[in-house]
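Please open the structure in the viewer and keep the sequence at hand. The tour below proposes a series of selections and states what is found at each.

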Amino acid sequence: MTDPSALSSLLVVYVLLSLRFAGLFFSSPPFTASSLPLPLRFWLAFLLGVLALPGKTELVSLELLEVPLGVLLLGTKEFLVGLGLGFLSALPLYVLQIGGRVIGMQMGFGMVNVMDPMSQTQVPIIGQFSFIVGMWFFFFWDGHLLLIQAVVESLKLIPLGSPFLLFRANPELGEWLQHLFILSMRMVLPFFGTLLLADVGLGFVARTVPQMNVFVLGLPLKVGLGFFLLMVILPLAVDLLHSEISKALLFALERMALWQ
């Protein structure tokens with residue numbers, strides 16, 4: 001005869017695993033599109049929790065489940081773990097978007113915005129273009145499968161049922177953000193240098209040929225030069241992103257290991 005307490009503990013494992021996957025689906029860009037409805041995210045999180053359960057043999061203690069506050073504490077902790085894992089692993093994609101936004105401002109597209117279907121907000125067009133290209137390659141490299149695998153691996157670092165999260169100070173987080181900032185600058189600096197030389201050349205033209213309207217000539221010249229540079233540099237930026245995806249996942253798992 002099946003023990004009722006064992007069944008209750010098994011149900012708790014299902015729910016907690018689902019909340020961890022749900023946190024990932026609410027923070028990672030591959031899963032936050034508005035075309036993915038909220039009920040579908042929750043059902044997908046529950047399904048992945050069921051599929052990940054055979055590899056998780058330990059059952060959660062029911063001591064904290066005797067009070068509503070304990071249930072809320074365990075559920076919030078699991079959701080925050082998935083939330084942090086999804087956010088930290090998506091930082092390279094945000095770097096690509098921010099770099100594209102700065103490039104668009106240098107090209108003269110600072111006021112040209114489009115609707116982002118994921119966040120339902122107005123975003124710069126070049127930044128959104130860079131983000132979509134990076135997202136396409138992210139799916140091409142099976143990054144979404146790596147995210148799901150990372151959640152399963154996080155079960156070994158942060159076991160289910162641990163009641164508290166201790167956010168320990170870690171200087172490596174600042175070093176990681178500094179590395180991402182340098183990565184963004186590596187993509188943006190060629191545009192700064194080239195368009196600055198174009199402005200200097202237009203200044204010489206304005207001084208030597210006063211009859212020429214430099215403002216009318218400069219806008220299409222900078223836009224065309226910017227698109228040419230984007231065609232050359234964006235593939236290189238995507239290659240940099242490829243090398244950073246696995247690093248971002250490992251970094252996120254290491255940071256999650258400190259939340260114990």
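Select helix α4, residues 91-107, together with helix α5, residues 125-140. In this predicted model, the axes of the two helices come within 7 Å and cross at roughly 150 degrees. Angles over 145 degrees count as roughly antiparallel, and therefore α4 is roughly antiparallel to α5. The crossing of the pair is right-handed.

Next, display the side chains where the two helices meet. On the α4 side, select Leu93, Leu96, Gln97, Gly100, Arg101, Ile103 and Gly104. On the α5 side, the contact is made by Ile126, Gly127, Gln128, Ser130, Phe131, Gly134, Met135 and Phe138. Colouring these residues by character divides them into 7 nonpolar, 7 polar and 1 charged.

Remain at this contact and centre the view on Arg101, which lies in helix α4. Is Arg101 buried or exposed? Its relative accessible area is 36%, so Arg101 is classed as partly exposed. Apart from residues up to four places away in sequence, Arg101 touches Pro124 and Gly127. Now add Gln128 to the selection: this residue is 27 residues from Arg101 along the chain, and the C-alpha atoms of the two are separated by 7.8 Å.

Move on to helix α8, residues 214-257, and select Leu234 within it. Leu234 has a relative accessibility of 8% and therefore counts as buried, the cut-off for that class being under 20%. Which residues are in contact with Leu234, leaving aside its neighbours within four places in sequence? They are Phe129, Ser130, Val133 and Leu229. One of them, Ser130, also belongs to the α5 side of the contact with α4. A further selection is Gly134, another α5 residue of that contact. Leu234 and Gly134 are 100 residues apart in sequence, and their C-alpha atoms are 9.3 Å apart in space.

Stay in helix α8 and select Phe215. With a relative accessibility of 76%, Phe215 counts as exposed, whereas Leu234 in this helix is buried. To place Phe215 with respect to another part of the chain, select Leu202 as well. The two residues are 13 residues apart along the chain, with 8.9 Å between their C-alpha atoms.

Finally, clear the selections and view the protein chain as a whole. Its secondary structure comes to 8 helices and 2 strands. Followed along the sequence, these elements are arranged as α-α-α-α-β-β-α-α-α-α. The chain has 260 residues, of which 41% count as buried. Considering the contacts with a separation of 6 or more, 81% are between residues 24 or more positions apart. A surface display completes the tour: the chain exposes about 14,200 Å², and carbon and sulfur atoms supply 74% of that area.

Terms used:
Residues are numbered from 1 along each chain as its sequence is written. This is a predicted model: local features need pLDDT of at least 70, side-chain atom pairs count only at pLDDT 80 or more; totals for chains, interfaces and linings use all residues. Side-chain values use heavy atoms; hydrogens and water are left out. Axes are lines fitted to C-alpha atoms, for helices over the stretch in contact, and angles run from 0 to 180 degrees between N-to-C directions. Helices (H or I, at least four residues) and strands (E, at least two) are DSSP runs, numbered from the N terminus. Angles under 35 degrees count as roughly parallel, over 145 as roughly antiparallel, 65 to 115 as roughly perpendicular and the rest as oblique. A crossing is left-handed if the near helix is turned anticlockwise from the far one by less than a right angle, and right-handed if clockwise. Contact means heavy atoms within 4.5 Å. Ala, Val, Leu, Ile, Met, Phe, Trp, Tyr, Cys and Pro count as nonpolar, Asp, Glu, Lys and Arg as charged, and the others, Gly among them, as polar. Buried means under 20% relative accessible area, exposed over 50%, partly exposed in between (1.4 Å probe, protein chains only). Accessible areas come from the Shrake-Rupley method with a 1.4 Å probe; for residues, only the protein chains shown count as cover.
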